[in-house]
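The following exercises are intended to be worked through with the sequence and the coordinates at hand. Each task is followed by a solution in steps.

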Amino acid sequence: MARKVPVKIPVEDRELDGIFNYPCDSSWNGCAVVLTHGAGGDMNYLHLERLAAHLASTGILCLRFTCRTRNFLYRTQCFTAAVEFLRNFEEFPVRMCIIAGRSMGARVAAEVASNSSLTTNFVFGVACLSYPLHPPRKTSELRISPLLHLGVPALFINGKKDPFCRSDLMETALNRMANDWTMHWIEGADHELKLHSKVNNELISKMCEWFVQWCQSVFMAER
């Protein structure tokens, strides 16, 4: 049976709160996902909780963590520290990892994946929920640099009504990427992946299915 265990992740002179969702079985033994939140909220954001539980139910370890700051550079340092913590976690040895985030957390994950030496032998993919391609109504300020330098497969799940991600601009950015990528657009969904400003459980379940199936395909390719 899956279980949740709180942990403390060391980062320089402080610690970050984290939660391990341990897998129910050993079908994906040695495979894990590191997951974090956007500019607001924390690791207990509904979509991340559901996603972590779904990963664990299919046999994949998930480490969520909270990092409450809008300082982009510091968040990349914290994400890297979380990945290193996972790699050195002796209780559950991990060989392959996918890093993922929502909104600002997705930008941070992409940045870490585009620059980190970890991608040579540990991080094999990056997954982005509600990737914030640009600030609302500021489509000239595109955040595509980390996407263009990714050397690992990437997954994107965005709402078609997301003011942070105009779909035509995102499609253009995707077509400039040299790595393998998968894009799922959700009709009518906003930046919170809500429909008509309401949580849609069917949509969240579909998001979890897409996410886990993609992670399995990445891990399978590396086995």
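**Exercise 1. A salt bridge between two loops**

Is Arg68 buried or exposed? Determine this, then describe the salt bridge that joins Arg68 to Asp42.

Solution. The model is a predicted one.

Step 1. The relative accessible area of Arg68 is 60%. Exposed means over 50%, so Arg68 is exposed.

Step 2. Asp42 has a relative accessibility of 19%. The limit for buried is under 20%, and Asp42 therefore counts as buried.

Step 3. The side chains of Arg68 and Asp42 form a salt bridge with an N to O distance of 3.0 Å. This pair connects distant parts of the chain, 26 residues apart: Arg68 lies in the loop between strand 4 (61–65) and helix 2, and Asp42 in the loop between strand 3 (31–36) and helix 1 (46–57).

Step 4. In the whole structure, 8 salt bridges are found.

**Exercise 2. Two further salt bridges**

Which residues form salt bridges with Arg102 and with Glu209? Describe the setting of each pair.

Solution.

Step 1. Arg102 pairs with Glu192, and their closest N and O atoms are 3.8 Å apart. Here too distant parts of the chain are linked: Arg102 belongs to strand 5 (residues 96–102), whereas Glu192 lies in the loop between strand 8 (181–186) and helix 6 (201–222), 90 residues apart.

Step 2. Arg102 is buried at 8% relative accessibility; Glu192 is partly exposed, at 27%.

Step 3. Glu209 pairs with Lys206, with 3.7 Å between the closest N and O atoms. Because the two are 3 residues apart in helix 6, about one helical turn separates Glu209 from Lys206.

Step 4. Glu209 is partly exposed, with a relative accessible area of 34%, and Lys206 is likewise partly exposed, at 38%.

**Exercise 3. A buried arginine**

How far from Arg75 is the nearest side chain of opposite charge? Describe the surroundings of Arg75 as well.

Solution.

Step 1. Arg75 is part of helix 2 (residues 72–87).

Step 2. The nearest side chain of opposite charge is that of Asp42, 10 Å away. A salt bridge requires a separation within 4 Å; Arg75 is buried and has no salt bridge.

Step 3. Beyond its neighbours within four places in sequence, the contacts of Arg75 include Thr36, His37, Cys67, Met104 and Val108.

**Exercise 4. The span and covering of helix 3**

What span should helix 3 have, and what covers its buried residues?

Solution.

Step 1. Helix 3 (residues 104–115) has 12 residues, which at 1.5 Å a residue should span 16 Å. Its end C-alpha atoms are 17 Å apart, in agreement with that expectation.

Step 2. Of the 12 residues, 9 are buried, and helix 3 is thus mostly covered. Among them are Met104, Val108, Val112 and Ser114.

Step 3. The covering elements include strand 3, helix 2, strand 5, strand 6 (123–129) and helix 4 (145–148).

**Exercise 5. The sheet**

In what order do the strands of the open sheet lie?

Solution.

Step 1. The sheet has 8 strands in the order 1-2-4-3-5-6-7-8, with mixed pairing. Strand 1 (3–11) and strand 8 are the edge strands, each pairing on one side only.

Step 2. From one strand to the next, the twist averages 20°.

Step 3. Strand 1 and strand 2 (residues 14–22) run antiparallel and are joined by 9 bridges; Pro6 stands opposite Ile19 of strand 2.

Step 4. Helix 2 packs on the sheet, and its direction makes about 120° with that of strand 1.

Notes. Residues numbered from 1 in each chain as written. Predicted model: local features only at pLDDT ≥ 70, side-chain atom pairs only at ≥ 80, totals over all residues. Heavy atoms only, no water. Helix = DSSP H or I, 4+ residues; strand = E, 2+ residues; numbered from the N terminus. Buried < 20%, exposed > 50% of the residue type's maximum accessible area, 1.4 Å probe, protein only. Lys, Arg positive; Asp, Glu negative; His and termini not counted. Contact = heavy atoms within 4.5 Å. Expected span 1.5 Å × (residues − 1). Pairing = 2+ DSSP bridges. Axes fitted to C-alpha atoms, helices over the stretch in contact; angles between N-to-C directions.
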